[in-house]
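Morning, everyone. I have one structure to show today. Please take a look at it first.

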Amino acid sequence: MAISEKIMFDKTEIIFVDLSGKKAQALNLTYEKIISIRFDKTKVKGLFSSKDSERISITVRGKEKPLVLLQVKEKSNYWQGYKDGLTKFCKDNRISFYNELAG
């Protein structure tokens, strides 16, 4: 089964599909578990070159490292929806939000 969308939204929680381990995990993240969400730019190293990419980082209580999603590894038709949905989710649930892409 191919997983297409990596973030799905509800009013007070998001479901994040984490592909960083050996198996894909669907994580139910309620708003109280999320410390902050950040949008920024990064360089992704490839075999012969590096690419600029936008990055979404979600810092969660109980996780050592933030959950990360890179634009270059996602389908372009989902990316703007992730950013719009997370922006609204942060505002509605009073979560710390850092958008380093604006301006």
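I'll go through confidence, then one hairpin, then the largest pocket.

Start with confidence. This is a predicted model. Mean pLDDT for the protein chain is 91. Of its residues, 96% reach 70 or more. Why care about the rest? Where pLDDT is low, the predicted coordinates should not be read in detail.

Now by element. Which element has the lowest mean pLDDT? That is strand β1, residues 7-9, with a mean of 93. At the other end sits strand β7, residues 96-99, which has the highest mean, 96.

Next, the hairpin. Strands β2 and β3 make it, with 6 residues between them. β3 covers residues 25-30. The two strands pair in the antiparallel sense, and the pairing runs over 6 bridges. One pair to find on your screens: I14 has L29 of β3 as its bridge partner.

Keep β2 in view and move to the largest pocket. How much space lies in it? About 260 Å³. Its lining counts 15 residues. Nearest the pocket centre are D18, L19, S20, V68 and L69. Two elements give two or more residues to that lining: β2, residues 13-18, and β6, residues 67-70. Which one gives the largest share? β6 does, with 4 residues. So much for position.

What about chemistry? The lining of the largest pocket has 8 nonpolar residues, 6 charged and 1 polar.

To recap: β2 pairs with β3 in the hairpin, and β2 also gives two or more residues to the pocket lining. That's my part; over to you.

Note on methods: Residues are numbered from 1 along each chain as its sequence is written. This is a predicted model: local features need pLDDT of at least 70, side-chain atom pairs count only at pLDDT 80 or more; totals for chains, interfaces and linings use all residues. Side-chain values use heavy atoms; hydrogens and water are left out. pLDDT is the predictor's confidence in each residue, from 0 to 100. On a 1 Å grid over the protein atoms alone, a cavity is a set of points where a 1.4 Å probe fits but cannot get out, and a pocket is an open set with protein on both sides within 12 Å along at least five of seven lines; lining residues have an atom within 4 Å of a point. Grid points are joined across faces, edges and corners, and a volume is the space filled by probe spheres set on the points. Ala, Val, Leu, Ile, Met, Phe, Trp, Tyr, Cys and Pro count as nonpolar, Asp, Glu, Lys and Arg as charged, and the others, Gly among them, as polar. Two strands pair if DSSP finds at least two bridges between them.
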